[in-house]
Every structure is written in structure tokens, then in C-alpha cells.
Amino acid sequence: GSASKIVKSDRAKLSIMLEIRGKTQKEAYQNIKSFHPEIYKYLEKKGIDKKDIDVKPINGYYNYKSINGYLTSEILDYSANQYIDITSNNVEKIKEISTDIQTLTDKGINFHTERPEFFYSDLASVKIELLKKASKDAKERAKSMLSATGSKVGKVKQVKMGVFQITPPDSTDVSDYGVNDTSTIEKKVTAVANVVFNVK
């Protein structure tokens with residue numbers, strides 16, 4: 001048996017990765033940090049609270065000169081990158097920012113964004129609700145199959161929970177391991193219950 005329900009995400013996340021190169025590690029780090037004021041200004045204008053902004057540590061690596069396609073031990077410059085994660089209950093705002101934030105490139109900020117992720121916080125209770133409905137659906141299906149034979153559905157012999165499929169509302173994707181799609185604000189949660197009945 002199966003049962004589905006459409007839910008609307010109540011939490012969203014957008015990751016921005018800043019990228020820059022400098023002649024030295026210090027210069028690259030300073031360049032990355034120089035982007036912060038414009039980003040904070042932009043996010044504040046969009047109504048994002050500082051508590052919803054998580055600035056990750058700066059990562060980086062040296063770039064080496066190459067001669068005829070072969071790397072040498074001579075340092076060319078330093079590349080640095082840093083993730084800034086924005087998480088908010090205002091999922092529509094996060095969606096809006098994900099399409100609008102590219103305007104910051106006009107400020108000379110070099111970055112790219114990850115696809116926004118959308119989550120539903122009360123999945124646990126939805127799963128319980130859907131498992132009950134899926135088990136009931138399994139019984140109704142069994143009754144329908146046995147009606148032509150004159151037999152009836154007896155006691156439950158075995159119940160096995162199937163994997164959950166969390167997909168976009170119009171998706172038909174399924175997986176033996178389950179699907180957990182985070183690309184859309186609205187999503188369809190589908191539960192499957194495998195129930196074995198005695199026949200009487």
C-alpha cells in the first residue's frame with residue numbers, strides 16, 4: 001500500500017562561495033574579507049538577519065608556475081575561497097536571493113552560488129501519518145483482490161516499512177534507497193508499506 005502528501009518547505013539554505021587570487025596568502029585572505037561589507041549590506045537590504053548568516057573559515061592553496069605543461073616548484077600566486085551559508089525560515093526570500101544575488105558581480109565580487117536547498121522540519125510526523133494511511137491502503141487493496149475469489153482478509157501476518165520518496169510534486173522518480181529531493185519548496189512525500197495478511 002502507499003500514501004502521499006504534499007508539504008511546503010519551512011526552511012531554506014543558500015551557499016555562496018567567494019573566490020579570489022592574490023600574490024600572497026595574506027593578500028588573498030584580505031581580498032576575500034574585503035567582499036564581506038558589500039555582501040552583508042546586500043543581505044541586510046533583503047531582510048536577512050545576521051544570525052542567519054554563517055561565515056565559514058577561509059580555505060586556500062598555492063598555484064605553481066608551469067613550463068611546457070609541467071608544474072615547477074616556483075609559486076605563482078595563492079587562491080582562496082570561503083563559503084557563506086544563509087539559512088532562513090523565509091523560503092521565498094531565499095529563492096529570490098538565489099536568482100538576484102548575481103547583481104553583486106557588478107560590485108567586483110567574484111563568487112558563485114550553490115543551488116538553494118529547501119527542507120521541511122516536521123517530516124517525522126508526516127512519515128508516521130503516511131505509514132498509517134499506506135497500511136490502510138494495503139488492506140483495501142487486499143480486500144479488492146480477494147473479493148473476486150470469495151475469500152476475506154484475515155489478521156496481519158507481517159508488516160514491513162518501505163523507503164520514503166521525497167520528490168518534487170510532479171516527479172515520478174523512485175529509488176530502492178529512497179529519494180530526498182531538496183530542490184523545490186513544495187515536495188511530495190510518499191510512503192510505502194508492505195503488509196502480509198492471512199486469508200480466510
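1. Let's start with a cut-off: a residue is called buried when its relative accessible area is under 20%. Ser 88 comes in at 8%, so Ser 88 counts as buried. Keep in mind that what you are looking at is a predicted model.

2. Where is Ser 88, then? You'll find Ser 88 in strand β5. Leaving out residues up to four places away in sequence, Ser 88 touches Asp 10, Arg 11, Ala 12, Asp 52 and Ile 94. Its side chain also has a polar atom 3.0 Å from the backbone nitrogen of Asn 90.

3. One of the residues touching Ser 88 is Asp 52, so have a look at that one as well. Asp 52 sits in the loop between α2 (36-45) and β3 (53-55). With 13% relative accessibility, Asp 52 is buried. Setting aside neighbours within four places in sequence, Asp 52 is in contact with Asp 85, Ile 86, Thr 87 and Ser 88. Its side chain makes a polar contact with the side chain of Lys 51, at 3.4 Å.

4. Now for charges. Side chains of opposite charge can pair when their charged atoms come close. How many salt bridges does the model have? The count comes to 14. The next points pick out a few of them.

5. Try Asp 77 and Arg 21 to begin with. They form a salt bridge, and their closest N and O atoms are 3.0 Å apart. This pair links distant parts of the chain: Asp 77 belongs to strand β5 (residues 70-88), Arg 21 belongs to strand β2 (residues 11-22), and 56 residues separate them. Is each partner buried or partly exposed? Asp 77 is buried, at 14% relative accessible area, whereas Arg 21 is partly exposed, at 47%.

6. Next, a pair within a helix. Lys 133 and Glu 129 meet through their side chains in a salt bridge, 3.1 Å from N to O. What separates them along the chain? They are 4 residues apart in helix α4 (residues 123-147), which means about one helical turn lies between them. Lys 133 is partly exposed, with 46% relative accessible area, and Glu 129 counts as partly exposed too, with 28%.

7. Lys 56 and Asp 54 give you another salt bridge, with 2.7 Å from N to O. Lys 56 counts as partly exposed at 31% relative accessibility, and Asp 54 is partly exposed at 36%. Which residues are linked with them in a network of salt bridges? The network is made of Lys 13, Asp 54, Lys 56 and Asp 85. You have already met Asp 85, among the residues in contact with Asp 52.

8. Finally, turn to the surface. Tyr 62, Tyr 64, Leu 71 and Ile 75 make a nonpolar surface patch of about 410 Å². The elements giving two or more residues to this patch are β4 (59-67) and β5. Pick Leu 71 as an example: this residue lies in strand β5 and is exposed, with a relative accessible area of 66%.

9. One thing to take away is how strand β5 keeps turning up. Ser 88 is in this strand and is buried at 8%, while Leu 71 is in this strand and is exposed at 66%. Asp 77, also in β5, is buried at 14%. Try finding these three in the structure above.

Notes:
Residues numbered from 1 in each chain as written. Predicted model: local features only at pLDDT ≥ 70, side-chain atom pairs only at ≥ 80, totals over all residues. Heavy atoms only, no water. Salt bridge = Lys/Arg side-chain N within 4 Å of Asp/Glu carboxyl O. Buried < 20%, exposed > 50% of the residue type's maximum accessible area, 1.4 Å probe, protein only. Polar contact = N/O pair within 3.5 Å; in protein donor to acceptor, adjacent residues only side chain to side chain. Contact = heavy atoms within 4.5 Å. Patch = residues over 30% accessible without salt bridge, like charges linked within 9 Å, V, L, I, M, F, W, Y side chains within 5 Å. Areas by Shrake-Rupley, 256 points an atom, 1.4 Å probe, with all protein chains shown as cover.
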